[in-house]
Amino acid sequence: MTEPAPRHFIHTPISRAFSGLVAALADHVEAERDISAADSRDPGFATWLLDAEAARTGVLGRIDAIRSAEVIRPEDRPLRHMAVICYLLMQAGSNAEFLEARQVLDRAPALFACPGDGAVAWRCRQMLRSTRLRIREMSALPCHIDPCEIEPDVPEIAAPVPA
């Protein structure tokens with residue numbers, strides 16, 4: 001058996017599952033947008049809620065597949081790291097937990113870098129960029145960032161100075 005040409009991209013179990021994760025995250029974002037804009041008394045709400053729950057389950061299933069798959073090539077590692085961040089974001093129970101997991105992307109960029117010039121590195125970078133966009137969209141969803149938890153930026157009011 002001959003090795004495939006390096007100019008072609010061939011999936012590994014991790015990259016295949018990660019490609020599905022990108023799509024599942026897009027479904028999750030869309031379903032959560034629908035449910036956040038809906039009135040719970042709307043007749044379609046139950047269906048939208050089921051769609052949102054199914055989308056969440058789809059994301060977690062893809063993450064499980066990535067976490068359980070064997071690393072075949074170096075480009076699989078940043079994909080796995082990103083999947084772990086996605087897991088932490090999906091499981092966050094508060095704004096603080098969500099933002100802490102989100103900040104890892106900026107604080108440890110080497111974990112999510114895919115250096116190289118070939119088709120494999122290029123495709124993996126593309127998937128990582130798409131995932132970052134989905135994460136940015138997730139940050140605007142009330143199921144991940146609770147607007148009631150956000151403290152307003154109110155400047156301290158100085159005590160009045162006696163005349």
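**Entry 1: α3 against α5**

I began with the pair α3 and α5, and I found them packed at an angle of about 10 degrees, with their axes 10 Å apart. Since angles under 35 degrees count as roughly parallel, I noted α3 as roughly parallel to α5. I should record here that the model is a predicted one, and that I read every value below as computed from that model.

I then listed who makes the contact: from α3 come P78, L79, M82, C86, L89 and M90, and from α5 come C124, M127, L128, T131, R132, I135 and M138. Sorted by class, the residues where α3 meets α5 divide into 11 nonpolar, 1 polar and 1 charged.

**Entry 2: α3 against α4**

Next I looked at α3, which spans residues 76-91, together with α4, which spans residues 95-107, and I noted an angle of about 165 degrees between them with the axes 8 Å apart. An angle over 145 degrees counts as roughly antiparallel, and α3 and α4 are therefore roughly antiparallel to each other. I also looked up the handedness of this crossing, and for α3 and α4 it is left-handed.

On the α3 side I wrote down M82, I85, L88, L89 and Q91, which meet E97, F98, A101, R102, V104 and L105 on the α4 side. By class, this contact of α3 with α4 holds 8 nonpolar, 1 polar and 2 charged residues. Going back over my two lists, I see M82 and L89 in the contact with α5, and I see M82 and L89 again in the contact with α4.

**Entry 3: the chain as a whole**

I stepped back to the whole chain, and its secondary structure comes to 5 helices and 0 strands, so that reading from the N terminus the elements run α-α-α-α-α. The chain has 163 residues, of which 34% count as buried. I also checked how far along the sequence the contacts reach: among those between residues at least 6 apart, 73% join residues at least 24 apart.

**Entry 4: salt bridges around R33 and E137**

Which residues are linked in a network of salt bridges? I found E30, R33, R134 and E137, and I noted that the full count for the model comes to 5 salt bridges. I took the network pair by pair.

E30 forms a salt bridge with R33, with the closest N and O atoms 3.9 Å apart. Because the two are 3 residues apart in helix α1, which covers residues 13-36, I put E30 and R33 about one helical turn from each other. E30 counts as partly exposed at 40% relative accessibility, and R33 is also listed as partly exposed, at 38%.

R33 also meets E137 through a side-chain salt bridge, at 3.9 Å from N to O. I marked this pair as one that links distant parts of the chain, for R33 sits in helix α1 and E137 in helix α5 (residues 119-138), 104 residues apart. At 24% relative accessibility E137 counts as partly exposed.

E137 in turn forms a salt bridge with R134, the closest N and O atoms being 2.9 Å apart. Here again the residues are 3 apart, this time in helix α5, and so E137 and R134 are separated by about one helical turn. R134 has a relative accessible area of 17%, and because buried means under 20%, I entered R134 as buried.

**Entry 5: two residues of α1, S15 and H28**

Is S15 buried or exposed? S15 lies in helix α1, and with a relative accessible area of 0% I have it as buried. Leaving aside residues up to four places away in sequence, S15 touches F9, R73, D76, L79 and M127. One of these partners, R73, is 58 residues from S15 in sequence and 10.0 Å from it in space, taken from C-alpha to C-alpha. Two other partners of S15, L79 and M127, are already in my list for the contact of α3 with α5.

H28 is likewise placed in helix α1, and at 1% relative accessibility H28 counts as buried. With residues up to four places away in sequence again left out, I listed A55, R56, V59, M90, M138, C143 and H144 as the residues that H28 touches. Of those, M90 and M138 also appear in the contact between α3 and α5 with which I opened these entries.

Technical notes:
Residues are numbered from 1 along each chain as its sequence is written. This is a predicted model: local features need pLDDT of at least 70, side-chain atom pairs count only at pLDDT 80 or more; totals for chains, interfaces and linings use all residues. Side-chain values use heavy atoms; hydrogens and water are left out. Axes are lines fitted to C-alpha atoms, for helices over the stretch in contact, and angles run from 0 to 180 degrees between N-to-C directions. Helices (H or I, at least four residues) and strands (E, at least two) are DSSP runs, numbered from the N terminus. Angles under 35 degrees count as roughly parallel, over 145 as roughly antiparallel, 65 to 115 as roughly perpendicular and the rest as oblique. A crossing is left-handed if the near helix is turned anticlockwise from the far one by less than a right angle, and right-handed if clockwise. Contact means heavy atoms within 4.5 Å. Ala, Val, Leu, Ile, Met, Phe, Trp, Tyr, Cys and Pro count as nonpolar, Asp, Glu, Lys and Arg as charged, and the others, Gly among them, as polar. A salt bridge is a side-chain nitrogen of Lys or Arg within 4 Å of a carboxyl oxygen of Asp or Glu. Buried means under 20% relative accessible area, exposed over 50%, partly exposed in between (1.4 Å probe, protein chains only).
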